[in-house]
Amino acid sequence: MLNRFRQFWTKVISPIANLLLKLGVSADAVTLVGTIGVCAGALIFFPRGHIWLGTVVITCFVFSDLIDGYMARTSGTSSKWGSYLDSTLDRLGDGAIFGGLVLYYAGSAGHSRWMAAVTLWALVMGATTSYARAKAESLGLQASGGLAERSDRLVSVLVIAFFSDVLNLPILLKIVLWALAIASTITVVQRTLSVRKQVLADPANAGLDKPPAAGNGEAHPPATS
C-alpha cells in the first residue's frame, strides 16, 4: 500500500543521505538517533496530551528509517548486523508510540482506561504480528502480508493522531486505535493460518530437529570394558 510513497520519499531524502555519507556519518548512527527521537517525541509529548506536537517530532525522526537504508545500500555497507539493529530498534519505536498513547489515555489528559486498554491491545498485537513473521522465517516458512503491516499501522496512527488533535476531534484517534487493534488481531490470525497451511502442505518437513541422544546436548562417554 505504501510502496509508492516509499519510492517518492526515497527520492526526497537521497540528498540528505548523501550529505551524511560525505560527512562520515554511519547508517547505524542514523538508525540509533532516529529511534531515540521517535521514543522521546512519543513518551514526552503524548502523555501530556500534546498529540499534534509529538506527532510532528516523531514524523521528523521516522524518516531516518528510509535514510539509514538508503545510506547502507549506497555505501555498500548493508549487513546482517544493520538489518538486525534496524528491526530491533523499530520495535522500540513502535512500542514508544503506542505506549505514549496508553499513558495519555491512562492519565488525566486522556482520562479513558477503556481506550488505554484498547491501545495496549493494539500495541501487543502489533508486536505479535512482527514476531509471527520472524518466527515463521526462522523455521523456513513465510508469514508476511496480512491486513495491517507495520508501515500501515504507523502511518495510520500518526496521521489520524495529528488531525484528531488539530481539529479537536478526539473520536478520530479512538476510531483508528480500535481499527488497528482489530486489524492487527486479524493479521496475527491470517499469518498463523498461513503458517499452519504451509506445515500441513509439507508434513515431511513439519518436525523440528531431533535433540541429541544424550538429551542434554552432551555426548555419552565412550563405553569401557
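What pLDDT does the protein chain average, and what share of the residues score at least 70? In this predicted model, the average for the protein chain is 86, and 90% of the residues reach a score of at least 70. Among the elements of the chain, helix 8 has the highest mean pLDDT, at 94, whereas helix 1 (residues 3-22) has the lowest, at 77. Over residues 211-225 the pLDDT stays under 50, and for this segment the model has 3 contacts beyond four places in sequence.

In soluble globular proteins, nonpolar side chains tend to be buried together. The largest nonpolar core of the present model comprises 26 residues, of which Ile97, Val157, Leu173 and Leu177 touch the most other members. Two or more residues of this core are given by each of helix 2, helix 3 (51-62), helix 5, helix 6 (113-138), helix 7 (150-166) and helix 8 (170-201). Helix 5 provides the largest share, with 7 residues. When residues up to four places away in sequence are not counted, Leu177 touches Phe98, Leu101, Tyr105, Met115, Val118, Thr119, Ala122 and Val157. Another core, of 9 residues, lies apart from the largest one, and its members include Ile13, Ala27, Val30 and Ile67.

The structure also holds 1 cavity of 30 Å³ or more. The largest cavity encloses about 160 Å³ of space. It is lined by 17 residues, and those closest to its centre are Thr35, Val38, Asp65, Asp90 and Arg150. At least two lining residues are supplied by each of helix 2, helix 3, helix 4, helix 5 and helix 7. Helix 5 gives the most to this lining, with 6 residues. Classified by type, the cavity lining contains 6 nonpolar, 5 polar and 6 charged residues.

Open space was examined as well. The second largest pocket has a volume of about 260 Å³. Its lining consists of 15 residues, with Ala27, Asp68, Ala72, Gly82 and Ser83 the closest to the pocket centre. Ala27 is also among the members of the 9-residue core. Helix 2 (27-45), helix 4 (64-75) and helix 5 (80-106) each contribute at least two residues to the lining of this pocket. By class, the residues of the pocket lining divide into 8 polar, 4 charged and 3 nonpolar.

Terms used
Residues numbered from 1 in each chain as written. Predicted model: local features only at pLDDT ≥ 70, side-chain atom pairs only at ≥ 80, totals over all residues. Heavy atoms only, no water. 1 Å grid on protein atoms, 1.4 Å probe; cavity = no way out; pocket = protein on both sides within 12 Å on 5 of 7 lines; lining within 4 Å. Points joined across faces, edges and corners; volume = space filled by probe spheres on them. Helix = DSSP H or I, 4+ residues; strand = E, 2+ residues; numbered from the N terminus. Nonpolar A, V, L, I, M, F, W, Y, C, P; charged D, E, K, R; others polar. Core = buried A, V, L, I, M, F, W, Y, C linked by side-chain atoms within 4.5 Å. Buried < 20%, exposed > 50% of the residue type's maximum accessible area, 1.4 Å probe, protein only. Contact = heavy atoms within 4.5 Å. pLDDT = per-residue confidence, 0-100.
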